[in-house]
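Colleague: I should be grateful for a close look at a single part of this model, together with its surroundings.

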Amino acid sequence: MKSLGLDLSLRCTGIVLIEGHNENDFLVNDYHIVTTLKGDNVTLLDVTERCMHIASEIMAKVDKHKPDVINIESLSYNSHNTSSRHLAMLLGVVLNELVKGNVNENIIFTAPMALKKYATGKGNASKKDVMAEIQPKCPNFYGILKSTPQTKGKFDLADAFWLGLLGIS
């Protein structure tokens, strides 16, 4: 079974493919998509172009790996800032591409609190706590994350890892 975990972000989207039979027997492949702003005056068109680029990169991974399940971290409905609106836009663009690619039947969504609870047992766990719980489960991947800068998606990949693992459990 192949499960693709997606932690969407306009700055650094984390993508982790988990291949295995259960959460104790699996292989991990990880990717991240980093995009940057074009200057100080970000327009809606700039955000749209970044969303389209990220969606295209995700579809390339979906086409390459053909996952059985795609688990996407859903939106945090308690956030009411500009970045959360842009994240909702990114989710819409990604879902549009997945539907056009006929993989929409394999998509599940996991709420941020449910993801944290699955990873740590606590729905209000910190990003560091979520990442730390990877060490006993997958020490090699944890080592990769420890050496990954935060700006290159350390915590995005940690969330994507748990999303992917949840998809095969």
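Modeller: The account below concerns strand E1, followed by aspartate 156.

This is a predicted model, in which local features need pLDDT of at least 70 and side-chain atom pairs count only at pLDDT 80 or more, while totals for chains, interfaces and linings use all residues. Residues are numbered from 1 along each chain as its sequence is written, and side-chain values use heavy atoms, with hydrogens and water left out.

Strand E1 spans residues 2-7 and is mostly covered, five of its six residues being buried. Buried means under 20% relative accessible area, exposed over 50%, and partly exposed in between (1.4 Å probe, protein chains only). Helices (H or I, at least four residues) and strands (E, at least two) are DSSP runs, numbered from the N terminus.

Two strands pair if DSSP finds at least two bridges between them. E1 pairs with strand E2 (residues 12-22) in the antiparallel sense over six bridges, and a hairpin of four residues joins E1 to E2. Within this pairing, lysine 2 has glutamate 19 of E2 as its bridge partner. E1 also pairs with strand E4 (residues 69-73), here in the parallel sense over four bridges; glycine 5 is bridged to asparagine 71 of E4.

Aspartate 156 lies in helix H7 (residues 154-168). Leaving aside neighbours within four places in sequence, aspartate 156 is in contact (heavy atoms within 4.5 Å) with Asp7, Ser9, Cys12 and Gly14. Aspartate 156 counts as buried because its relative accessible area is 16%.
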